[in-house]
Amino acid sequence: MATMQECRDALDKLSENLTRSDHDGVRGVAAFDRTLSCHITDLDTTFTGRLSDGRITVEDTRPGPPRERAQIRLAMTGDDLVALVGGELNFAKAWASGRVRLEAGFRDLLHLRKLL
């Protein structure tokens, strides 16, 4: 089971990956400004913050599910977060199988499909 620090490191690495990406359109998509929550189900902890200017900024870490509804909401185990960011788990397959939950507005989902 991934630790809190490993999950935090994975979110930091994801942020770095977004800022370094040269894939067509990713920089523009990553530059949009949205609130974000990532609930780590096996640790029953939620990281909250923002996706803004091409970076994920974690502003708070709290026990339990998200207290406020973020514009982009993720939920998964810590191991799945680490595997996704490490390239060992395919996002589309994990989402389709229910291992990863992603909730966002339709417009945000269209933007995020370029990132994920």
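Q: Buried means under 20% relative accessible area, exposed over 50%, and partly exposed lies in between. In this predicted model, which class does Arg62 fall in?
A: The relative accessibility of Arg62 is 38%. That value is neither under 20% nor over 50%. Arg62 therefore counts as partly exposed.

Q: What is the distance between the closest N and O atoms of Asp60 and Arg62?
A: Asp60 is partly exposed, with a relative accessible area of 26%. Its side chain forms a salt bridge with Arg62. A salt bridge needs the nitrogen within 4 Å of the carboxyl oxygen. The closest N and O atoms of this pair are apart by 2.4 Å.

Q: How many salt bridges does a search of the whole structure find?
A: Side chains of opposite charge can pair when their charged atoms come close. Arg8 with Asp12 is one such salt bridge here, and Arg50 with Asp33 is another. Over the whole structure, the number of salt bridges found is six.

Q: Which residue meets Arg8 in a salt bridge?
A: Arg8 is partly exposed at 28% relative accessibility. Its partner sits four residues away in helix H1 (residues 4–20), so about one helical turn separates the two. The N to O distance is 3.5 Å. The partner is Asp12.

Q: How far apart in sequence are the parts tied together by Arg50 and Asp33?
A: The side chains of Arg50 and Asp33 meet in a salt bridge, 3.0 Å from N to O. Arg50 lies in strand E2, while Asp33 lies in the loop between helix H2 (26–30) and E1. The pair therefore ties together parts whose separation in sequence is 17 residues.

Q: Are Arg50 and Asp33 buried, exposed or partly exposed?
A: Arg50 has a relative accessible area of 27%. Asp33 comes out at 37%. By these values, Arg50 and Asp33 each count as partly exposed.

Q: How many disulfides does a search of the whole structure find?
A: A disulfide needs two cysteine sulfur atoms within 2.5 Å. The cysteine sulfur closest to that of Cys7 belongs to Cys38, at 7.5 Å, so the gap is too far for a bond. Cys7 is buried at 0% relative accessibility, and Cys38 is buried at 3%. The number of disulfides found is zero.

Q: Which residues does Asp108 contact, leaving aside its neighbours within four places in sequence?
A: Asp108 has its place in helix H5 (residues 106–115). At 7% relative accessibility it counts as buried. Contact requires heavy atoms within 4.5 Å. With those sequence neighbours left aside, the residues in contact with Asp108 are Phe32, Arg34, Gln71 and Ile72.

Q: Which residues lie closest to the centre of the second largest pocket?
A: The second largest pocket holds about 300 Å³ of space. Its lining is made of 19 residues. Of these, the closest to its centre are Thr48, Gly49, Asp60, Arg67 and Glu68.

Q: Which strand gives the most to the lining of the second largest pocket?
A: Strand E1 (34–40), strand E2 (45–52) and strand E3 (55–63) each supply at least two lining residues. The top contribution is five residues. The strand that gives them is E3.

Q: How many charged residues are in the lining of the second largest pocket?
A: Asp, Glu, Lys and Arg count as charged. The lining has five nonpolar residues and seven polar ones. The number of charged residues in that lining is seven.

Key
Residues numbered from 1 in each chain as written. Predicted model: local features only at pLDDT ≥ 70, side-chain atom pairs only at ≥ 80, totals over all residues. Heavy atoms only, no water. 1 Å grid on protein atoms, 1.4 Å probe; cavity = no way out; pocket = protein on both sides within 12 Å on 5 of 7 lines; lining within 4 Å. Points joined across faces, edges and corners; volume = space filled by probe spheres on them. Buried < 20%, exposed > 50% of the residue type's maximum accessible area, 1.4 Å probe, protein only.
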